[in-house]
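Trainee: I would like to take a close look at a single part of this protein, the place where two helices meet, and to see how that part sits within the rest of the fold. Could you walk me through it slowly?

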Amino acid sequence: MSELSADQWLNVAAVSFCKVAATSLSMAGKVEARCPTGLQGAFVPLVGTNDSVQIGITADRPTCQVLARRMLQMEDHEVPSDHGVRDALGEIANMVAGMSKASRPDKNRDLALGLPILFEGVVNTTDATSIQSIQVDLA
């Protein structure tokens, strides 16, 4: 059973998000390197014997509303509730984490998905953790 590096996890998550965007949100995505700040989003933990990672989605408030409208199949003029935005972000993060688990090149299934953790603002790390992120521009 092999462990994935942070770069490999990032690649798997990026590809997974682009697939979720295309299939579930009817949006195209373009991946670029960027570290998020001052955003809101959701993370889903994937925990196994040899791996532990949080896969998440972050965006500014207007983008989160667009994602929620797409996920909830709302019209462009409709404004989703804060609760609806949180639910949609948690579900999108869950879909990306599940697809990331299934898309691992080593097909390691010794990972359990946790419940989505929602946040707003800045995600901080400790000396033992790090954050790597990508930006997906949605069209």
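Mentor: What follows begins with the overall fold, goes on to the helix contact, and then turns to the segments around it.

The model is a predicted one, and its secondary structure comes to three helices and six strands, which along the sequence follow the pattern α-β-β-β-α-α-β-β-β. Of the 139 residues in the protein, 34% are buried. If one takes the contacts between residues at least 6 apart in sequence, 71% of them join residues at least 24 apart.

The part you asked about is formed by helix H2, residues 61-71, and helix H3, residues 82-103. Two packed helices are described by the angle between their axes and the distance between the axes. Here the axes come within 9 Å and cross at roughly 75°; an angle from 65 to 115 degrees counts as roughly perpendicular, and H2 and H3 are therefore roughly perpendicular to each other. On the H2 side, the contact is made by Arg-61, Cys-64, Gln-65, Leu-67, Ala-68 and Met-71, while H3 contributes Asp-82, Gly-84, Val-85, Ala-88, Leu-89, Glu-91, Ile-92 and Met-95. By character, the residues of this contact divide into nine nonpolar, two polar and three charged.

Two of the H2 residues in that contact deserve a separate word. Gln-65, which has its place in helix H2, has a relative accessible area of 19%, and because buried means under 20%, Gln-65 counts as buried. Leaving aside its neighbours within four places in sequence, Gln-65 is in contact with Val-79, Pro-80 and Val-85, and Val-85 is one of the H3 residues that make the helix contact. Cys-64 is buried as well, with a relative accessible area of 1%, whereas Cys-18, at 21%, is partly exposed; the structure holds zero disulfides.

Between H2 and H3 runs a loop, and Gln-73 has its place there. At 73% relative accessibility, Gln-73 counts as exposed. Its backbone also merits attention: most residues other than glycine have a negative phi, yet phi of Gln-73 is near 55°, a positive value in a residue other than glycine.

Further along H3 lies Gly-98, which at 26% relative accessibility counts as partly exposed. The C-alpha atom of Gly-98 is separated by 8.7 Å from that of Leu-46, although the two residues are 52 apart along the chain.

That leads to the strands that come before H2 in the sequence. Strand E2, residues 39-48, pairs with E3 in the antiparallel sense over eight bridges, and a hairpin joins E2 to E3 through three residues. Within this pairing, Phe-43 stands opposite Gly-56 in E3. In a regular strand the side chains alternate between the two faces of the sheet, and strand E3, residues 52-59, shows such an alternation: Val-53, Ile-55, Ile-57 and Ala-59 point to one face and are buried, while Ser-52, Gln-54, Gly-56 and Thr-58 point to the other face and are not buried.

How values were computed. Residues numbered from 1 in each chain as written. Predicted model: local features only at pLDDT ≥ 70, side-chain atom pairs only at ≥ 80, totals over all residues. Heavy atoms only, no water. Axes fitted to C-alpha atoms, helices over the stretch in contact; angles between N-to-C directions. Helix = DSSP H or I, 4+ residues; strand = E, 2+ residues; numbered from the N terminus. Parallel < 35°, antiparallel > 145°, perpendicular 65-115°, else oblique. Contact = heavy atoms within 4.5 Å. Nonpolar A, V, L, I, M, F, W, Y, C, P; charged D, E, K, R; others polar. Buried < 20%, exposed > 50% of the residue type's maximum accessible area, 1.4 Å probe, protein only. Disulfide = S-S within 2.5 Å. Pairing = 2+ DSSP bridges.
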